[in-house]
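Please look over the sequence and the structure shown below. The notes after them are meant to be read with both in view.

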Amino acid sequence: VKKLEEKVEKKEAQEEIHPKPLERPYVIDAKVYKLKSKFVKHSVFVTIGYIKDSSGKYKPFEIFLNSKDLTKAAEFAMLTRLLSAIFRRSEDPTFILEELRSIYDPNGIGYFKNGKYINSFYAELAEILEEFFIEIGLIEKPKNESNYIVFSNIKNPDNGAEEDLSKFQICPKCGMRTLK
């Protein structure tokens, strides 16, 4: 009897650490986003399925990435399985936004999109996930957008004249378009 009680306690402790994934309902609602990125050749369609939990709040359940670019199929399959597992097991999956944004493109490229610096395909995916999280009420819309950089010209320290930013490259360390 004592061994059986120990086994039950051990199993309960493991379930606390690794909660069971939610069972997939037969039909779930989803939102589809079209991502045009400079990091991939063709548009990527991001489908995020969501459910309403027992408390009446919406919760992401699964994600799928689809594109005509078959060279990324294995990468997209791996990414969707991992993100879907996080959605099903985590009470608060918003931590993945920061994790995805911290991944930099190995080629050192990035670009500005709507005044915000995008450093990789994964950071761009985080922007879509953040939009989705806001739409379903999982997070609130940020009040100040401190990540946005709005400028078109800078002063040249040598002669004080304004210079067009298109002449500059993006600095891989700080992400600003100030590298000449």
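What follows is a short briefing, grouped by topic.

The model is predicted. The protein has four helices and seven strands, which run α-β-β-β-α-α-β-β-α-β-β from the N terminus on. Of its 180 residues, 33% are buried.

**Overall figures**

- The accessible surface of the protein is about 12700 Å², and carbon and sulfur atoms account for 52% of that surface.
- Among contacts with a separation of 6 or more, 47% are between residues 24 or more positions apart.

**The three-stranded sheet**

- Three strands make an open sheet in the order 1-2-3, with antiparallel pairing.
- Strand 1 and strand 3 are the edge strands, each of them pairing on one side only.
- From one strand to the next, the twist averages 20°.
- Strands of a sheet pair through backbone hydrogen bonds, and the pairing can be parallel or antiparallel.
- Seven bridges hold strand 1 and strand 2 in their antiparallel pairing.
- Within this pairing, V32 is opposite T47 of strand 2, and Y33 has V46 of strand 2 as its bridge partner.
- Strand 2 and strand 3 (residues 58-67) also run antiparallel, joined by nine bridges.
- T47 is opposite F64 of strand 3, so T47 can be used to trace a path across the sheet, from V32 to F64.
- In a regular strand, side chains alternate between the two faces of the sheet.
- Strand 2 and strand 3 form a hairpin, with five residues between them.
- In the turn of that hairpin, G56 has a positive phi of about 90°.

**Helices on the sheet**

- Helix 2 packs on the sheet, where it touches strand 2 and strand 3.
- The direction of helix 2 makes about 175° with that of strand 3.
- Helix 4 lies across strand 1, strand 2 and strand 3, and runs at about 140° to strand 1.

**Helix 4 in detail**

- How far apart are the end C-alpha atoms of helix 4? They are 21 Å apart, which agrees with the 21 Å that its 15 residues should span at 1.5 Å a residue.
- Of the 15 residues in helix 4, 12 are buried, and the helix is mostly covered.
- The buried residues of helix 4 include F121, Y122, L125, L129, F132 and F133.
- Charged-letter positions are on the buried list too, among them E124, E127 and E130.
- An α-helix has 3.6 residues a turn, so residues three or four places apart point the same way.
- After helix 4 comes G137, which has a positive phi near 85°.

**Aromatic pairs**

- The structure contains eight aromatic pairs.
- F39 and Y111 make a tilted pair, with 5.6 Å from centre to centre and 40° between the planes.
- This pair links distant parts of the chain, since F39 is in the loop between strand 1 (29-35) and strand 2 (44-52) and Y111 is in strand 4 (residues 111-113), 72 residues apart.
- F39 and Y111 are both buried.
- Why does the pair of F76 and F121 count as stacked? Its ring centres are 5.6 Å apart and its planes are at 25°, and planes under 30 degrees apart count as stacked.
- F76 is in helix 2 (residues 73-89) and F121 is in helix 4 (residues 121-135), so the pair ties together parts 45 residues apart in sequence.
- Both F76 and F121 are buried.
- Y50, Y58, F87, F132 and F133 are linked into a cluster by ring pairs.

**Two exposed loop residues**

- Is N114 buried or exposed? N114 is exposed, because its relative accessible area is 66% and the cut-off for exposed is over 50%.
- N114 is in the loop between strand 4 and strand 5 (116-118).
- The phi of N114 is positive, about 55°, although N114 is not a glycine.
- K68 is in the loop between strand 3 and helix 2.
- K68 is exposed, with a relative accessible area of 66%.
- Leaving aside residues up to four places away in sequence, K68 touches H42 and S43.
- The C-alpha atoms of K68 and K41 are separated by 8.7 Å, and the two residues are 27 residues apart along the chain.

How values were computed
Residues are numbered from 1 along each chain as its sequence is written. This is a predicted model: local features need pLDDT of at least 70, side-chain atom pairs count only at pLDDT 80 or more; totals for chains, interfaces and linings use all residues. Side-chain values use heavy atoms; hydrogens and water are left out. Rings of Phe, Tyr and Trp (its six-membered ring) pair if their centres lie within 6.5 Å; planes under 30 degrees apart count as stacked, over 60 as edge-to-face and the rest as tilted. Helices (H or I, at least four residues) and strands (E, at least two) are DSSP runs, numbered from the N terminus. Buried means under 20% relative accessible area, exposed over 50%, partly exposed in between (1.4 Å probe, protein chains only). The expected span of a helix is 1.5 Å times one less than its number of residues. Two strands pair if DSSP finds at least two bridges between them. Contact means heavy atoms within 4.5 Å. Accessible areas come from the Shrake-Rupley method with a 1.4 Å probe; for residues, only the protein chains shown count as cover. Axes are lines fitted to C-alpha atoms, for helices over the stretch in contact, and angles run from 0 to 180 degrees between N-to-C directions.
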